[in-house]
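Trainee: I would like to learn how to read a structure slowly, one place at a time. Please choose a single spot in the backbone, look at it closely with me, and then lead me on from there to the other parts that deserve attention.

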Amino acid sequence: MEEDVKNIRQSFEEDIKTANDASSLEGLRVKYLGRKGLISELMGRLPSLDKEKRPHVGRELNLLKKHIQGELHEKQQLLSSGREPEEGKIDITMPGILPEEGRLHVITKTLNEINDIFVSLGFQIAEGPEIEKEFYNFEALNIPLEHPSRDAFDTFYIRDDILLRSHTSTVQIRIMEKVKPPIQAIMPGKVYRPDAVDASHSFMFHQVEGLMVDRDIKFSDLKGTLNLFTKRMFGEKTKTRFRPSFFPFTEPSAEVDISCIICKGKGCRVCSHTGWLEILGAGMVNSAVFEAVGYSPRKYTGFAFGMGVERIAMLKYGIDDIRLFFENDIRFLKQF
Ligand code: DAH
């Protein structure tokens with residue numbers, strides 16, 4: 001009977017070589033695996049074998065059955081894919097395992113986009129610490145202890161004179177302390193505020209600060225730079241408007257609006273029917289700031305600006321709730 005098993009295996013190996021269509025494969029399945037097939041027939045004869053031989057032959061038969069099933073399946077796949085197998089029988093037509101695709105967070109993407117625009121204009125990128133001395137967050141920026149504009153900022157103290165920075169303007173001071181003009185830099189990073197979280201507020205968000213200092217830097221340089229930035233960021237047709245404003249570290253100061261990207265300036269819900277959207281603060285560096293870092297205000301002038309990255313991303317992509325950025329909902333993040 002062991003001979004029979006061997007013979008069946010041999011005849012199957014011959015048969016399978018010439019079976020080249022679905023019906024001959026089915027024929028082989030019936031011949032070998034069918035209810036009255038060769039394997040079944042041998043199985044039926046097992047009880048007549050010597051007791052000691054039975055387990056061994058039974059196992060051989062089972063292995064042969066599995067082998068035949070496997071070969072028939074493989075050949076059938078091959079025929080239905082219409083291709084030859086690769087050497088070593090790796091079936092290159094099998095679907096691969098698709099790896100999960102990762103991507104950058106929409107805030108990182110927006111930040112990179114902002115950085116790229118300014119780098120293309122010759123700005124360098126600089127960074128400063130998030131845990132900061134009071135001096136850099138306030139005094140050096142012309143915000144003395146009793147100044148009212150400190151209220152909105154006075155935040156998250158770690159020690160008496162050390163806090164989480166409330167804006168990236170701190171890095172302006174750190175750069176100017178280190179190097180002499182000319183300076184042309186942007187400073188991206190996280191900032192912290194004592195704001196209750198809602199659709200437009202978060203206790204942490206990102207800013208990009210800008211600073212350009214040299215002899216003879218004018219307000220028109222600031223306007224030209226920011227006009228170009230808003231066009232690149234929001235589209236060529238975007239208009240920019242400078243509104244007089246106040247910041248202790250700039251004089252004169254301005255708030256900068258872009259024409260509403262939703263209604264193109266006609267007035268809609270997003271721009272509160274004004275046609276304009278505020279995107280950043282800017283101005284000419286206050287001489288008190290130059291004095292704090294030991295620059296001569298008679299020799300140098302400069303401009304500075306600061307923008308919120310979340311706000312820019314919300315406007316650009318039409319996102320109406322800042323919390324979406326931080327909740328880590330993959331369904332939201334996957335869209336960008
Ligand atoms: N630091 C300001 C803020 O956090 C933004 C700002 C306004 C930065 C005017 C500047 C500037 O450099 O010139 O609200």
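Mentor: Let us begin in the loop between β8 and β9 (276-285), where you will find Lys 264. Keep in mind as we go that this is a predicted model. Lys 264 has a positive phi, about 60°, although this residue is not a glycine.

If you go back from that loop into strand β8, which covers residues 250-259, you reach Pro 252, and the peptide bond that joins Glu 251 to Pro 252 is cis, with an omega of about -5°. Another cis peptide bond runs from Pro 181 to Pro 182, with omega near 5°. Pro 182, however, is placed in a loop, the one between α7 (169-178) and β5 (183-192).

From the backbone we can turn to the ligand, which is surrounded by 16 residues, the closest being His 167, Ser 169, Arg 193, Gln 207 and Glu 209. For Arg 193, a polar side-chain atom lies 2.8 Å from an oxygen atom of the ligand. In the side chain of Gln 207, an N or O atom is 3.0 Å from a ligand oxygen, while for Glu 209 the distance between a polar side-chain atom and an oxygen atom of the ligand is 2.6 Å.

Finally, let us consider how helices pack. Two packed helices are described by the angle between their axes and by the distance between those axes. Helix α1 (residues 2-18) and helix α4 (residues 54-81) have axes that come within 10 Å and cross at roughly 5°, and α1 is therefore roughly parallel to α4. Among the residues of α1 that meet α4 are Val 5, Ile 8, Phe 12 and Ile 16, and the residues they face in α4 include Leu 61, Leu 64 and Ile 68. Sorted by class, this contact has nine nonpolar, two polar and seven charged residues.

Helix α5 (residues 106-120) and helix α8 (residues 219-234) also pack, with their axes 10 Å apart, but here the angle is about 135°, so α5 and α8 are oblique to each other. Their crossing is right-handed. On the α5 side the contact includes Ile 114, Ile 117 and Phe 118, and on the α8 side Thr 225, Phe 229, Arg 232 and Met 233. By class, the contact of α5 with α8 is made up of five nonpolar, three polar and two charged residues.

Conventions
Residues are numbered from 1 along each chain as its sequence is written. This is a predicted model: local features need pLDDT of at least 70, side-chain atom pairs count only at pLDDT 80 or more; totals for chains, interfaces and linings use all residues. Side-chain values use heavy atoms; hydrogens and water are left out. Axes are lines fitted to C-alpha atoms, for helices over the stretch in contact, and angles run from 0 to 180 degrees between N-to-C directions. Helices (H or I, at least four residues) and strands (E, at least two) are DSSP runs, numbered from the N terminus. Angles under 35 degrees count as roughly parallel, over 145 as roughly antiparallel, 65 to 115 as roughly perpendicular and the rest as oblique. A crossing is left-handed if the near helix is turned anticlockwise from the far one by less than a right angle, and right-handed if clockwise. Contact means heavy atoms within 4.5 Å. Ala, Val, Leu, Ile, Met, Phe, Trp, Tyr, Cys and Pro count as nonpolar, Asp, Glu, Lys and Arg as charged, and the others, Gly among them, as polar. A residue is near a molecule or strand if one of its heavy atoms lies within 4 Å of it. A polar contact is a pair of N or O atoms within 3.5 Å; within protein, one must be able to donate a hydrogen and the other to accept it, and residues adjacent in sequence count only if both atoms are side-chain atoms.
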